[in-house]
Amino acid sequence: MKQESTLRGVRVIEICNVAAGPFCGMLLADMGADVIKIEHPEGGDTLRSWAPLTEGFSENFASLNRSKRSITLNLKNKGDVETARQLIKEADVVLENNRPGVMDRLGLGYGAMREINPGLVYCSISAYGQTGPRSQEGGFDLTLQAMSGLMSVTGEPGGAPVKCGVPVCDFTAGLYAAFSIVSALRGVEREGQGTHIDISMLGATLGIAALQTSQYFGTGINPEKLGSAHPRNAPYQVFKCRDGYFGMAAGNDSLWKSVCVVVSREDLLGDERFLTTTDRATHQNDLREILELIFARADAQTWLERFRDAGVPCAPINNYSDVLSDPQVAHMQWVQDLEMPNGVSTKTFVSPIRFDSRTADIGKSPPALGEHSAEILAELGAKVAG
């Protein structure tokens, strides 16, 4: 089975901007769904204006919108709303990430659309959910990282609040949405009835914080910032060495013994502070100071080679140019050439999912604004006429 054929025949209408919704739509497109992106004629998805712009086309937009088709509709215009209704009538999925209530006001909400398409899977992504006391509050990744508690455990102890460098709330919501849509489609196959999926960025971010929420439920104590350290494992963090830093994770007693052998400090195995994983976590500041005095004697590459030889998980502190050129990434064929609508060739990171040891090729280039309007309207006209 090829990845790009698993959702062949599924039509998705995407009415989304920027990140969470478009990322979800691209995941579905990567699996072979026909994703029709409805955009406003003036500017389209706001991500189209985000730098870097290569000869006028956004690389950010390209990274989240491959393999989709674009049609421009002004959803404040009754005629265009009717076109959208007809597209949704013929679709399997609607994906939208507007503020709750917007789609209803446009006449395109789930209640109205299930009347014309009972088997429709309708997925709404928002900051806080479709109902509840915060449902009408807007939100971006930054504010959801703050609201969700994520910032309370990110950064160095005593430091200012820091967000994760990747928009984790946006993309986690997109992942939950894609998983939910595919699951719901299976339900439609069995029962013939669609559903309304409510994905909130807050809920998605709390969902992946299972270790932190369970720590609070079990102890009544809020998890705290630990920098790169771990609350229950040690040595398990970034360490300073002669020329910089490297990461090393010895998450069990066997790996801890290997660390002691690598640093020629087998005596630490009998130190009462470090007898068990819990002991080492409790006294990890002492352990870090001991190890960093030793690590100062050599550079990061040397320590990485020694720990790899001993089977201890470790890694350099890569920037993106490092990791994107790593031989493992090349082996997986995750970086591929991408031609943008303006004819300029760039590179992109493709779907990391492999079926039968094969990485899927890029299906189609990201669309120019309204590139497929005539094509989609012609298909719609043929269906209506038929």
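Let's start with Cys 314, which is buried, with a relative accessible area of 17%. Buried here means under 20% relative accessible area, exposed means over 50%, and partly exposed is in between, using a 1.4 Å probe and protein chains only. Cys 241 is buried too, at 5%.

Before going on, a word on where this comes from: this is a predicted model, so local features need pLDDT of at least 70 and side-chain atom pairs count only at pLDDT 80 or more, while totals for chains, interfaces and linings use all residues. Residues are numbered from 1 along each chain as its sequence is written, and side-chain values use heavy atoms, with hydrogens and water left out.

Back to the cysteines. How many disulfides does a search of the whole structure find? Zero. We call two cysteine sulfur atoms a disulfide when they are within 2.5 Å. Why is Cys 241 not bonded to Cys 314? Because the sulfur of Cys 314, the closest cysteine sulfur to that of Cys 241, is 11 Å away, too far for a bond.

Cys 241 leads us to Asp 299. Leaving aside neighbours within four places in sequence, Asp 299 is in contact with Cys 241, Arg 242 and Asp 243, where contact means heavy atoms within 4.5 Å. Asp 299 sits in the loop between α12 (284–295) and α13 (300–309). Helices (H or I, at least four residues) and strands (E, at least two) are DSSP runs, numbered from the N terminus. Is Asp 299 buried, exposed or partly exposed? It is partly exposed, with a relative accessible area of 22%. Its C-alpha atom is 11 Å from that of Phe 239, although the two are 60 residues apart along the chain.

Now let's step back to the whole chain. It has 16 helices and 15 strands, and 43% of its 386 residues count as buried. It is divided into domain 1 (3–210 + 363–385) and domain 2 (236–321), with bounds from an automatic or database domain assignment. The C-alpha centres of these two domains lie 43 Å apart.

Both domains meet us again at the second largest pocket, as each gives at least three residues to its lining. A pocket, on a 1 Å grid over the protein atoms alone, is an open set of points where a 1.4 Å probe fits, with protein on both sides within 12 Å along at least five of seven lines, and lining residues have an atom within 4 Å of a point. The volume of this one is about 590 Å³, meaning the space filled by probe spheres set on the points, which are joined across faces, edges and corners. Of its 24 lining residues, the closest to the centre are Leu 226, Gly 227, Ser 228, Ala 229 and His 230. Helix α9 (210–219) and strands β9 (236–241) and β10 (244–249) each supply at least two lining residues.

Between α9 and β9 there is a loop that holds Pro 235. The peptide bond from Ala 234 to Pro 235 is cis, with omega near -5°. Another cis bond runs from Ala 51 to Pro 52, with omega near 0°.

Last stop: helix α1 (residues 20–30). Ten of its eleven residues are buried, so α1 is largely enclosed by the rest of the structure. Among the buried ones are Phe 23, Cys 24 and Met 26. After α1 comes Gly 32, with a positive phi near 105°.
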